[in-house]
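Reader: I have a model open on my screen and would like to go through some of its local geometry with you. Could we take it one question at a time?

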Amino acid sequence: MAQTKVLVVEDEPNARAGLAELIASWGYRTETAVDGVMGLDMVVRWSPDVVVTDLMMPRMDGLQLLDRISELPQQKVAVVMLTAQGSIESAVDAMRMGAYDYLQKPVDPQRLKTILQNAQQQAETNEEISSEEISSEASGRLGPLVGSSPHMREIFHLIERIAPNNVSVLITGESGTGKELAARALHMFSGRRNKPFVAVNCAAIPETLIESEIFGHEKGAFTGAQERRAGCFELAEEGTLLLDEIGEMPAATQSKLLRVLEDRRLRRLGSRDEIPVNVRVIAATNKDPHQAVSSGELRGDLFYRLNVFNIQMPSLREHKEDIPAMAEAMVQEMNDRHSMQVPGISRAVMDRFMAYSWPGNARELRNTIERAVILANGKSIDVSHLPPGFGDEQHTPPAHGAHLTLPATTFSGPANSNDTVHLSVGMTVDEAEKQLILKTLEATRNNKTRAAEILGISSKTLQNKLKEYALEDKDALES
């Protein structure tokens, strides 16, 4: 590959010369410009691969230069923004405008070297991606994502646009809508595609262990820490880290995460030393992030730092036209997983799929198809392979005096008359919720993880609800 060309745009003479000399010592070809106007002219004439530009400059500042570069035809330039201390807000604005990354002054040489290496890897990755992969969006697929509806096409375009940049992304949407698949697509089409993708569910880790899981710990850091352990950040080095259910992360851990995101350095539990990290962080939540910030569940400054770009995954009921293609892809996936040869899905089953509301979204569709593929045993999937009662009227809200029956196939035991929640006019929402939670726990034989999955809430939320109910019962006994 030809020697990578780097243009340094900086109005301060000593800083400009020092940066150019440093970058050249790493084997890059360098040129310099004294401001944005000259920098733009150099971009047109010299065609650099990377532009390292100061934010504040006379005549044309860094943001204006970035905007003008983005308008140039067939100009693929990775722009790295240099910002003064405390200008994170401007840096985030630059990332939204398409900057590849940013670096605070005074410049950390190792961090700059890493950013340039990542930018070079991204350029090589763009050349490696075949025309078939690039055009896959036109056929309704982008990596692990499937769909050709307007909702999914919009998501595909956004992923293709932001995947190459080293930018944080917040993925939102209901449980089961495919937030992790979107994160994997971002990783697949980035320069980090050949490095690790690590996903961690913040709601599934006890509060006492979450810092250790994410940041790692030294031997003796706490009781039971018998050896040094790398955390998820170190495991994802040079790759991508997905922090799922970010709203369930304890406040103290959120504060530490924010510092890592801003400084790109972390300290293991029990360690005095900080180590540099080169990880792209993607966060996901099934909550409304603005409400989570208002309620104090999510730090506002962390939300701002993560939400450089937001991908809103639609519920399955919002893009039902994608169900046939999704179902076909899932049948093939399950054939491969279980060594089956199910040829497809009958028209009667597909009609039921299209009429169903899918409260569990794409995850429920996948689970339903996996069950059906196993039962079909090489034949086409028909109605007899669906869960008993699938699509019946019991899935609609009960009328006054009616009761809600929990599907027997949801649980390990047989259905019985106790699998009902009685609702009546005058009952509060809180009481109805309490009955549903307790009845689900009873039906799952007190399996809290399974109950939380069925109810569509996190394990932590379920634990908090049970604590509330215990307190209510205690108050009732004392009164």
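Reader: Let's begin with Leu375: in which helix does Leu375 have its place, and is Leu375 buried, partly exposed or exposed?

Author: Happy to help, and please keep in mind that this is a predicted model. The place of Leu375 is in helix α16. Its relative accessible area is 43%. Buried would need under 20% and exposed over 50%, so Leu375 counts as partly exposed.

Reader: What distance separates the C-alpha atoms of Leu375 and His385?

Author: Along the chain, Leu375 and His385 are ten residues apart. In space, their C-alpha atoms are separated by 5.9 Å.

Reader: Staying in that helix, is Glu370 buried or exposed, and which residues is Glu370 in contact with, leaving aside its neighbours within four places in sequence?

Author: Glu370 lies in helix α16, which covers residues 361-376. Its relative accessible area is 19% and the limit for buried is under 20%, so Glu370 counts as buried. Once neighbours within four places in sequence are left aside, the residues in contact with Glu370 are Met334, Arg337 and His338.

Reader: What is the phi of Asn377, and in which loop does Asn377 lie?

Author: Most residues other than glycine have a negative phi. Asn377 is not a glycine, yet its phi is positive, about 55°. With a relative accessible area of 57%, Asn377 is exposed. Its loop is the one between α16 and β15 (403-405).

Reader: And Arg59: where is Arg59 found, and what is its phi?

Author: Arg59 is found in the loop between β3 and α3 (62-71). Its relative accessibility is 64%, so Arg59 counts as exposed. Arg59 is not a glycine either, and its phi is positive, about 65°.

Reader: Which residues does the cis peptide bond with omega of about -5° join?

Author: Most peptide bonds are trans. Here a cis bond appears at Pro106, a residue in the loop between β5 and α5 (109-128). With omega about -5°, the bond joins Lys105 and Pro106.

Reader: Now the sheet of five strands: what is its strand order, and which are the edge strands?

Author: The sheet is open, with parallel pairing, and its order is β2-β1-β3-β4-β5. On average, neighbouring strands are turned by 20° against each other, direction ignored. An edge strand pairs on one side only, and here the edge strands are β2 (29-33) and β5 (101-104).

Reader: How many bridges join β1 to β3, and which residue of β3 is the bridge partner of Val8?

Author: Strands β1 (residues 5-9) and β3 (residues 50-54) run parallel and are joined by four bridges. For Val8, the bridge partner in β3 is Val52.

Reader: Which strands of this sheet does helix α1 touch?

Author: Helix α1 (residues 13-25) packs on the sheet, and its direction makes about 170° with that of β2. The strands touched by α1 are β1, β2, β3 and β4 (78-83).

Reader: How many residues of strand β13 are buried, and which residues lie on each side?

Author: In β13 (residues 280-285), six of its six residues are buried. In a regular strand the side chains alternate between the two faces of the sheet. Both faces of β13 are covered: one side has Arg280, Ile282 and Ala284, and the other has Val281, Ala283 and Thr285.

Reader: Which residues stand opposite Ala284 and Ile282 of β13?

Author: Strand β8 (residues 169-172) runs parallel to β13 and is joined to it by four bridges. β10 and β13 also pair in the parallel sense, over four bridges. Opposite Ala284 stands Ile171, and opposite Ile282 stands Leu242.

Reader: Last one: at what angle do α17 and α18 pack, and why are they called oblique?

Author: Helix α17 (residues 429-443) passes α18 (residues 448-455) in a right-handed crossing, and their axes are 9 Å apart. The contact is made by Leu436, Ile437, Thr440 and Leu441 of α17 and Lys448, Ala451, Ile454 and Leu455 of α18. By class, these are six nonpolar, one polar and one charged residues. An angle over 145 degrees would be roughly antiparallel and 65 to 115 roughly perpendicular, so α17 and α18 are oblique, at about 130°.

How values were computed. Residues are numbered from 1 along each chain as its sequence is written. This is a predicted model: local features need pLDDT of at least 70, side-chain atom pairs count only at pLDDT 80 or more; totals for chains, interfaces and linings use all residues. Side-chain values use heavy atoms; hydrogens and water are left out. Axes are lines fitted to C-alpha atoms, for helices over the stretch in contact, and angles run from 0 to 180 degrees between N-to-C directions. Helices (H or I, at least four residues) and strands (E, at least two) are DSSP runs, numbered from the N terminus. Angles under 35 degrees count as roughly parallel, over 145 as roughly antiparallel, 65 to 115 as roughly perpendicular and the rest as oblique. A crossing is left-handed if the near helix is turned anticlockwise from the far one by less than a right angle, and right-handed if clockwise. Contact means heavy atoms within 4.5 Å. Ala, Val, Leu, Ile, Met, Phe, Trp, Tyr, Cys and Pro count as nonpolar, Asp, Glu, Lys and Arg as charged, and the others, Gly among them, as polar. Two strands pair if DSSP finds at least two bridges between them. Buried means under 20% relative accessible area, exposed over 50%, partly exposed in between (1.4 Å probe, protein chains only).
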